[in-house]
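Here is a friendly walk through one protein model, with the architecture taken piece by piece. Have a look at the structure, then read on.

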Amino acid sequence: PAVPQLTVPGNHDIPLYDIVRRFFAPLNRYKRYITPDLSPRFDHEQFVVLGVNTARSFTWKNGRISLEQIEHIKQTFCGLPFATFKVLVTHHPFVPPPDDPSPALVGRGRRAIDVLDACGADLLLAGHLHRHYHVDAKTHHVRIKRTILVAQAGTAISHRRRDEPNAYNLITLIPPQVEIQVRAWTGQRFEPLTSTRYAKIENHWTRQE
């Protein structure tokens, strides 16, 4: 049986040097060969995953969220029951690596974070930086009232590894807990590198191990 998939485009899905296509049909090939849905959603009885396209023609490398997309996030997540585990997927990150605060983050990210905070988002998934790490969004966006987990994916197959092995995240949800396992390439196979479990206690995610 087919495995459910949810994909979002990144900056490399937009042509850089083909100027006409970049500005007038930036994601035509993505929509033709991958999916025409630029705002995918997956619903399960325990969780909902929403994808948002942050790739832009003008800011080719750095992404951005539009006001319309922020409103869409609000309408989606604020309309869900409190107990539903809410996941947002973007290509560009909301939170920098713990050891490097310099990378550009997604444009209008602070405005979107305020909505995610108010609507009870639980987990933000992103990539772009080719580095794996998971943190609490509150460590960077200190004004938000609750914790939001951030799980950044490394690069699974690219050679641009940023001094890290190729890796991907395996996320297991067992309410009220979620486990984030980084599986890294050893030269022969992907094997567990780190595994961290969080539990939701009084509307806050607490690290268990």
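The report below covers two sheets, a pair of helices and a pocket.

## The six-stranded sheet

Please keep in mind that this is a predicted model. Let's begin with the open sheet of six strands, whose order is β1-β2-β3-β4-β6-β5 and whose pairing is mixed. At its edges sit β1 (41–43) and β5 (133–136), each of which pairs on one side only. On average, neighbouring strands here are turned by 15° against each other, direction ignored.

At the β1 edge, the partner is strand β2 (residues 47–51): the two run antiparallel and are joined by three bridges. If you would like a residue pair to look up, try Arg41, which has Leu50 in β2 as its bridge partner.

## A helix across the sheet, and its neighbour

Helix α3 links the sheet to the next part of the picture. The helix lies across β1, β2 and β3 (85–89), and runs at about 170° to β2.

How do the axes of α3 and α4 cross? Helix α3 (residues 67–77) and helix α4 (residues 109–118) have axes that come within 9 Å and cross at roughly 10°. Angles under 35 degrees count as roughly parallel, and α3 and α4 are therefore roughly parallel to each other.

For the contact itself, α3 brings Leu67, Ile70, Ile73, Lys74 and Phe77, which meet Arg111, Ala112, Val115 and Leu116 in α4. Sorted by class, the residues of this contact are seven nonpolar, no polar and two charged.

## The four-stranded sheet

There is also an open sheet of four strands, and this one has antiparallel pairing in the order β7-β8-β9-β10. Its edge strands are β7 (167–174) and β10 (204–207), each pairing on one side only. Neighbouring strands of this sheet are turned by 25° against each other on average, direction ignored.

The pairing of β7 with strand β8 (residues 177–185) is antiparallel and spans eight bridges. Within this pairing, Tyr168 stands opposite Arg183 in β8.

## The second largest pocket

Finally, a place you may want to inspect: the second largest pocket holds about 170 Å³ of space. Which residues lie nearest its centre? They are Ala83, Phe85, Pro175, Pro176 and Lys200, out of 13 residues that line the pocket.

The lining is made up of seven nonpolar, three polar and three charged residues. One of the residues nearest the centre, Phe85, belongs to β3 (85–89), the strand that α3 also lies across together with β1 and β2.

Conventions
Residues numbered from 1 in each chain as written. Predicted model: local features only at pLDDT ≥ 70, side-chain atom pairs only at ≥ 80, totals over all residues. Heavy atoms only, no water. Pairing = 2+ DSSP bridges. Axes fitted to C-alpha atoms, helices over the stretch in contact; angles between N-to-C directions. Parallel < 35°, antiparallel > 145°, perpendicular 65-115°, else oblique. Contact = heavy atoms within 4.5 Å. Nonpolar A, V, L, I, M, F, W, Y, C, P; charged D, E, K, R; others polar. 1 Å grid on protein atoms, 1.4 Å probe; cavity = no way out; pocket = protein on both sides within 12 Å on 5 of 7 lines; lining within 4 Å. Points joined across faces, edges and corners; volume = space filled by probe spheres on them.
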